[in-house]
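Let's take a walk through this structure together, beginning at one pocket and working outward from there.

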Amino acid sequence: MSSPTSIPDDFVLDVHDLATIILDTHARTDTLFPHAQLVEINRGDTPLATFPEHFLHPSWHDPARKRVAYILDANPSAQELTTIDTFASPNGVKTPEEREPSRRELEDVFWRCKDFNNGYVLAYVAQRVFDSLPPTATLRVRTSTKHEVLCSPSRVTVAEIDIRAKEACLVVVKESRPDLGPSKVDMAQRLSGFTESMSWVFLLIGEAQSTDMEADPRVVLDLALPQIGGRGGGAEPFALERAIVYHEKVLSKVADEFDRYVLSGKLRITEDEVRRHADGLVQAVMDRVANVAAGQDRFCRYCGKDGVDTRCSKWVGMEISPSLVFSHQINFTSLYSRRHSSSKKREAVSDGPKFLDMHDLAVWILHAHATTDGAPFSSAHLIELKKNGAPLETVCEHEVPSEWSDPHFPRRAAYVLLDAPDAADKATVDTFLLPQVRIPNDQALTRKEVEDIFWRCKAFDQGYQLAFVAQSLLEMIPAAVQLRARTASGYEMIFGRADLMVGNLVVSPREACMIIRVNRSVSLSGFDGSIPWPYLLLGNDPDVNKRIVLDLALSQLGSRGSGAEPFVLERHDKYLQEVIPKYAVVHERHPLTMGIVPLSASPETRARAVDLVHAVRDRIVNFAVEGADDFCRYCGEAGVRTYCGVCKTAYFCQPCHQLGWKYHKRWCSPTTNQT
């Protein structure tokens, strides 16, 4: 493959150009229909003219299904590959309208055949090309609606959805076999869209600035749209459109979408033969990209054909400055220059650089998670706590799952919650414990123990949502803003928003947990085997073990961070070797990815995630622009009036200062600005 060193560091790659190059290269190396020519188009309304219909696949005979069949003649002895110019049979193409198809119609059929079942391969090729570019290169994306995005090659995400094509397609390739007899033929039939749903893959290019599609500026690159009878907004045999335009105006014309929408990092091809073909495509495309970077740009901007002599008379070269790559929604200028003037008692802080601190971000996220509408168990209060299968007193025996009394689980915790009469009365740590709570041995719970139960309930089954929210917020931060992660053990890392990866484990909690919401629901964790466990990995150290983990849901396992917080901010190696093993058995450790944390397709879950992103984004803006730093560094409560007497910059609630001190003392000094 062409080395990134053969491409200038400041190279600007136009994604529209890349798409035409990929498709042209794909058509020239096609192994599915390399020498086939079109002889008939049939839409099921008239009998086939080429051969009897009973030869066709049974799915074709469903009159309720909108469908089209393309009959191709294969000529394996042909020396040249079939192109658009030679795709129509020299003996003519039979159509229902009894006329020769137009050039546009021939192109539609040509690309529908060439893209057949190749969506995954084409997306893989594009992604590999982006990965092979220098990290300082720029992707330029321009759509038919004049929407433009400039971004780094690393800002590409894989999206996978389920669709149902509005028009099913049957491609029949017949090949004469005179060696078997004068009328013998081989026939291969390929179907698309006859099933209820099919998986569809495309790429999202740009910065994920919002979970709201209407506000999301990212652009979809769909190289296989002709397979289901579609074209891009600019009439190209691919789609390059802003995401909302793609879904509402492009894809919706030719397919119905289902709820499943999965975002991920990297595409992988497991079949050796398919992977070798795809890697060959990547090599060929990279060679052409290197030629473009060297100034050899005489290729057709529509079909990708190389060596073209004619050029648009209005064409002018355009240079893109790297400074234009990022556009920001949040102005963080004051983050570097804001002043502290809330009290004369506060001493001047250092004029050194300021950062967005990951500890503060985690505190904001969990505070919003516990206080915004839709929070898990938002109005529920603890009325009973039991351990290890002990009989429950506040619920009927038949309401308790059998797992609770199963001795196979030696360590078990049960929490019984009762909703407040007024649903608007959200439970806080201070109000979570009801006076008549049933506790083993009638022992009083410390505030720390109450917090442990409170956050264990709040974090229950929320790992993916919390990680998604954190990742979405970091994606919104301007590239120029530095991020800082500090651990309770004194380890610090400064990095940028691009230095973010997603980790996934499969774990079994060492203590199973049951949460019973009286007359409402029962939630179990750790009783039914292993559970997936996501976390974010922050930093840019070449050794991933030296990067820092942000795990916002560790409370679900009954754990705390090293600084006594209800989350983890710790070195990767220590997290994997000491933190997680203490509270869970790790069964699998999946490879780190650059993708987006997958989120449930449930509308409620997605709406809740968007609300959290907006709530925390407002906190970030208030802090960066308004200087609103009077929030508790332990629980996130705003408008706190007491602060650390040493550094005079870190605020703490009265109940939180002792628990918050374990982390803060590591970084507290008279000249330290916490954030």
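The lining of the second largest pocket is a mixed one: eleven of its residues are nonpolar, twelve are polar and four are charged. This is a predicted model, and in it the pocket has a volume of about 800 Å³. Of the 27 residues that line the pocket, Phe116, Asn117, Asn118, Gly119 and Val121 lie nearest its centre.

Which elements build this lining? H3, strand E8 (185-192), strand E9 (198-205) and H5 each supply at least two residues. The largest share, four residues, comes from E9.

H5 deserves a closer look. This helix runs over residues 272-293, and its 22 residues should span 32 Å at 1.5 Å a residue; the end C-alpha atoms are 31 Å apart, so the expected and modelled lengths agree. Along H5, the buried residues are Ala278, Leu281, Val282, Val285, Met286, Arg288, Val289 and Ala290. When reading such a list, it helps to recall that an α-helix has 3.6 residues a turn, so residues three or four places apart point the same way. The cover over the buried residues of H5 includes strand E1 (12-14), helix H1 (15-28) and helix H3 (119-132). Just after H5, Gly295 adopts a positive phi of about 100 degrees.

Now step back to the whole chain. It has eleven helices and 25 strands, and 53% of its 675 residues count as buried. Among contacts between residues at least 6 apart in sequence, 73% join residues at least 24 apart. The chain exposes about 30600 Å², with carbon and sulfur atoms supplying 50% of that area.

Key. Residues are numbered from 1 along each chain as its sequence is written. This is a predicted model: local features need pLDDT of at least 70, side-chain atom pairs count only at pLDDT 80 or more; totals for chains, interfaces and linings use all residues. Side-chain values use heavy atoms; hydrogens and water are left out. Buried means under 20% relative accessible area, exposed over 50%, partly exposed in between (1.4 Å probe, protein chains only). Contact means heavy atoms within 4.5 Å. Accessible areas come from the Shrake-Rupley method with a 1.4 Å probe; for residues, only the protein chains shown count as cover. The expected span of a helix is 1.5 Å times one less than its number of residues. On a 1 Å grid over the protein atoms alone, a cavity is a set of points where a 1.4 Å probe fits but cannot get out, and a pocket is an open set with protein on both sides within 12 Å along at least five of seven lines; lining residues have an atom within 4 Å of a point. Grid points are joined across faces, edges and corners, and a volume is the space filled by probe spheres set on the points. Ala, Val, Leu, Ile, Met, Phe, Trp, Tyr, Cys and Pro count as nonpolar, Asp, Glu, Lys and Arg as charged, and the others, Gly among them, as polar.
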